[in-house]
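Let's walk through this structure together, beginning with one kind of contact and then stepping back to the whole chain. Please keep the 3D view open as you read.

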Amino acid sequence: MKLNKEELLKISGGAVSATLINAIVKGIYILIELGKSLGSTIRRVTANKSCEI
């Protein structure tokens with residue numbers, strides 16, 4: 001089946017690409033890791049278990 005130019009212009013896409021999903025998952029992963037690091041730092045500082053330089 002071949003579409004003419006007018007029919008091709010009417011086509012609209014709405015699919016979510018794999019790249020977009022991958023970027024969202026990576027962003028969530030980074031936020032989780034940042035939260036873990038921040039939580040560990042706060043716990044060590046409040047418990048006076050930090051290493052002196």
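How many salt bridges does the count come to? The count comes to one salt bridge, taking a cut-off of 4 Å between a side-chain nitrogen of Lys or Arg and a carboxyl oxygen of Asp or Glu. Please bear in mind as we go that this is a predicted model.

The partners are E33 and K36, whose side chains meet at 3.6 Å, N to O. In general, side chains of opposite charge can pair when their charged atoms come close. Here the helix helps us follow the geometry: E33 and K36 are three residues apart in helix 2, so about one helical turn separates them. If you click on E33, you will find a residue placed in helix 2. Its relative accessible area is 28%, so E33 is partly exposed, given that buried means under 20% and exposed means over 50%. For a sense of distance from here, look at V45: it lies 12 residues from E33 along the chain, and 18 Å separates the two C-alpha atoms.

Now turn to the nonpolar side of the story. V16, L20, I21, I24, V25, I28 and I32 make a nonpolar surface patch of about 630 Å². One of these residues, I21, is found in helix 2, which covers residues 18-46. I21 has a relative accessibility of 46%, and therefore counts as partly exposed.

With those details in hand, zoom out to the whole chain. Its secondary structure comes to two helices and zero strands. What is the radius of gyration of the chain, and what would a compact globule of 53 residues have? The chain has 24 Å, whereas such a globule would have a value near 10 Å. The box tells you about the outline: along the principal axes, the C-alpha atoms fill roughly 70 × 15 × 15 Å.

How does the surface look for a chain with these dimensions? Of the 53 residues, 0% count as buried. The accessible surface of the chain comes to about 5400 Å², and carbon and sulfur atoms account for 63% of that area.

Finally, consider charge over the whole chain. There are 8 positive and 4 negative charges, and the mean positions of the two sets are 6 Å apart. To finish, you might return to the E33 and K36 salt bridge in helix 2 and view it again beside the nonpolar patch that includes I28 and I32.

Notes
Residues are numbered from 1 along each chain as its sequence is written. This is a predicted model: local features need pLDDT of at least 70, side-chain atom pairs count only at pLDDT 80 or more; totals for chains, interfaces and linings use all residues. Side-chain values use heavy atoms; hydrogens and water are left out. Helices (H or I, at least four residues) and strands (E, at least two) are DSSP runs, numbered from the N terminus. The radius of gyration is taken over C-alpha atoms; the globule rule is 2.2 Å times the number of residues to the power 0.38. Buried means under 20% relative accessible area, exposed over 50%, partly exposed in between (1.4 Å probe, protein chains only). Accessible areas come from the Shrake-Rupley method with a 1.4 Å probe; for residues, only the protein chains shown count as cover. Lys and Arg count as positive and Asp and Glu as negative; His and the chain ends are not counted. The place of a charge is taken as NZ of Lys, CZ of Arg, CG of Asp or CD of Glu. Patches are made of residues with over 30% relative accessible area and no salt bridge: like charges are joined within 9 Å, nonpolar side chains (Val, Leu, Ile, Met, Phe, Trp, Tyr) within 5 Å.
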